[in-house]
Amino acid sequence: MTSNAIVKFDNVVKKFGDFVAVERADFEIAQGEFLAIMGSSGCGKTTTLRMLAGLEDPTSGNIYLDGERVNGRATWDRDTPMVWQSLALFPFLTVQENVEFSLKMRGVGKAERSQRARKWLDKMQITEFADRNIAQLSGGQRQRVALARALVTEPKILLLDEPLSALDAHLKVRMQAVLSNLQRDLGITFVYVTHSMSEAFSMADRVVIMSRGQIEQIGTPEEIYRQPHNRFVAEFLGSANIFDAVIEGQSDTGWAVTYEGGQHGDPRDRIAGGQGGRQDHLYRQRRKHASQRTGQRRGRGRSHCRWR
Amino acid sequence: MIKRPSLFSLVLTLPLLIWQLAFFLFPLIFLVAISFWTVKTFQMQPDLNFGNWQRILTRGVFWDAYLRTMILATSAAVLTSAIAFPASYAISFKLSDTAKRWMIFVLIIPFFTSYLVRIYSWQVFLTDAGIINAALAYVGLGPFPMLNNTFGTLVGMVTLCLPLVILLQTFSLNFVNRDLIEAAHNLRCGRLRTVFAVVVPSAKVGLVVAALFAFILSFGDFVSPLYLGGGNPPTLSIMITDITKSGQQWPRAAVVAVMMIGTLMTVAFAAITYAYKERGK
Amino acid sequence: MGNENKLINALLFVHIALCLIFIFAPIAGSFVFSLNSDRFPSLPLGEFSFEWYRLIFNDPLVWSGFFNTLIVGLTVAVIATLLGFGGAYADFRYNFFGKSIYLALALLPPTIPVVIMGLAMLAFLSRVNLSGTTISVIIAHGVMCSPFAMAIIRLRLSQMDPDLEAASWNLGGNEWATLRHVIIPFTKPAIFAALFITMAVSFDEFAVAWFVSGLNETLPVKILGFLQGQVSPRINAIGSLAFLSSMTLIVLAQLLLRTPGAGKK
């Protein structure tokens, strides 16, 4: 385990009966990292998160949290708060009581509870709603309550399970900014499960791509975008033209290749695997008229997502 | 997530299980057992004696009562279902949601009134000099004998079953897909024909279950046959109360009870099989 | 809709009205008769009178029956609601081998005819020397009422976001703390509704109580006694009072179930 890793998945397998939910998760998460786990529904991303939270036990393999093996340790004995897709706010409690909940569970006294909850309500800019019922809040306000409730114990790690999926598009973008800033300010680890590429690529330092219980690729958004490990990842990112070609070498702007029909080309990105050998897949051959416009875009990859 | 039962899960799960095993299942098994016991000098003694069974099952009185109870319960079930269906249909299809909720609330009220008091009230209505005959006399009719006969018994049984049957029917009709009906109308299926060709088959399970409940309730009811039907000749339930309250011949009452349970289980099984038969195909 | 037939609809509504009249005639009747001086009421009705109420208020046996009913009803409500809560939560939360048998055992009692229940209870309880005591009535009613409590609470649990419980565990509450701080607050309206409704069921149950109660008769058993003996309009007076108290319980239960989660101002 590298020194700054806070989480380590060591050959973790999770089965439900005969169904293999997670095939072999083997990766680390660094302290202060924003990691997104991304995949379509049923790919095992939520199960991975729930194992980290202690809501599921791995069938085999080990999970380490802060250097300690936590298999079999109940979720209430870990400090791995989660923000739920449904938010799961307690409807019979006020906003403040919701935020105080985990302090109360840990036996923190009333005065301190209230004071610490206030601090987080302030930080989330929802102090004015402290005495309201959950039902009286808007979607965005609830989101903030859920965040405050999870963060009130000042954990080292925060788990988020598709927390934005219930919001409308406009609010989603705003909350993405809130989450990004929050993670940077607090400097704690965020593990963020999503099916949305734009959410994952715009916020995360690194992205884990899962499919059918298997991890297909782990890397920075740029790495994944430029060098998808395999055809699945390339296709999952979408909107790409994929051709078979033989790579001849590097060109000024990318790769010099020969297509099956004998034509030559110089695509920018390729699927990883072969090194200049034969029969590599070629990835994201731009249409001729698109190439001039998109050629110079660089950055974290997010601006490349939408090619038409 | 939890594989071995935790203390927590046991504390929540077990009390009900233990209570029902000890005070529900065990007494019923015990009932079967004592049907083989013997009574000597007013004391029940454990035994494996088929005498009680032989005695009851060879008696014409028992089989008369059995047949009478079957006919009464079947009539009550059919009658109640037939009376209830137009009402359930109207509640489910013709009323607004608010009116529906109110109707359901109103139909729940009778469950919390004493059945005995209602039966007593019917006595007052139905006697020869009672309210109904007095009212009929004003228009020059009657008097009609309505008490201490089958009519009286059925009035009581329908009183017992009607609210429940309407509720169960309404719930099952609420699940009938509204598009099916419009589709049927669209295909020029007449109004009445739509009810029998589309609505009834779609709600079949619920309708059968409702009728089954009416059968079970009427089959075991001893109050209506006794206080509105006169009690003579007896039904099976009246037999049980008579035998039990008039001495220590509980083993013989147990035989009657076991026969009743057997009959109910057979009828219930047949009804449920019938209800799901064509659905499962 | 274009294909509604006004006449048919009118006939259907008349039919509903007739059904309601049939159902409520005996209930309304007993009210009227209880305030009527005639022993055998008929048309025209006799004079208005509180005679029957006066008689039952002066009858010590009615009072003892009332207290027995009250003790039994309160105890049964608590026991049945506790048992029903456990059963409802077990069904909500766990999957285990034999669960369908567990559920059948929990929910079947109301389908067994009361005479058979009565006889089985009587035979069993007299074997363990409990017959003829108030406890025996409580035991029998506990069996008969817990399915109602279980159904009511189970219904409420099915309205709960299943993540709510997991969220509480995740926030540091163990199973007991979660039960206390999440499950019980959430199901509170249903718990009270279950208490009231099981109490009301117990208040009205006469058959099994008649078999097992011996001398400790509850009020409904007393009514059965009145029915067997001389016809007496006192039944109507008791019935009307019992109806009013049952209805109070039911309306309270309804009010609780109608405003779920609105515990706070």
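How many helices and strands are there in chain B? In this predicted model, chain B holds 13 helices and 2 strands. Its C-alpha trace extends about 75 × 75 × 35 Å along the principal axes. Chain B has 281 residues, and 43% of them count as buried. A look at its contacts helps to picture how the chain is folded. When contacts between residues at least 6 apart in sequence are taken, 71% of those in chain B link residues at least 24 apart.

Chain A can be described in the same manner. Its secondary structure consists of 9 helices and 15 strands. Chain A has 308 residues, of which 41% count as buried. For contacts in chain A between residues at least 6 apart in sequence, 60% connect residues at least 24 apart.

Some of the strands of chain A come together in a sheet. This sheet is open, has 6 strands and shows mixed pairing, and walking across it in chain A gives the order 6-7-8-3-9-10. At its edges lie strand 6 (82–83) and strand 10 (214–219) of chain A, each of which pairs on one side only. The partner of strand 10 of chain A is easy to find in the strand order, where strand 9 comes just before strand 10. Strand 9 of chain A, made of residues 206–211, pairs with strand 10 of chain A in the antiparallel sense, over 5 bridges. For a reader following along in the structure, one place to look is Val208(A), which stands opposite Ile218(A) in strand 10 of chain A.

Chain C touches both of the other chains. Its contact with chain B involves 65 residues from chain C and 64 residues from chain B. On the chain C side, the elements that give two or more residues include helix 3 (60–93), helix 6 (134–157), helix 8 (175–204) and helix 11 (234–258) of chain C. The most comes from helix 1 of chain C, with 14 residues. Sorted by class, the side of chain C that touches chain B has 47 nonpolar residues, 16 polar ones and 2 charged ones.

Towards chain A, 18 residues of chain C are in contact with 19 residues of chain A. Here helix 7 (162–170) and helix 8 of chain C each supply at least two residues to the chain C side. Helix 7 of chain C gives the most to this side, with 6 residues. The residues of chain C that touch chain A divide into 9 nonpolar, 6 polar and 3 charged.

Methods:
Residues numbered from 1 in each chain as written. Chains lettered and ligands numbered in written order. Predicted model: local features only at pLDDT ≥ 70, side-chain atom pairs only at ≥ 80, totals over all residues. Contact = placed C-beta atoms within 7 Å. Helix = DSSP H or I, 4+ residues; strand = E, 2+ residues; numbered from the N terminus. Nonpolar A, V, L, I, M, F, W, Y, C, P; charged D, E, K, R; others polar. Buried ≥ 20, exposed ≤ 12 C-beta atoms within 10 Å, placed from the backbone. Pairing = 2+ DSSP bridges.
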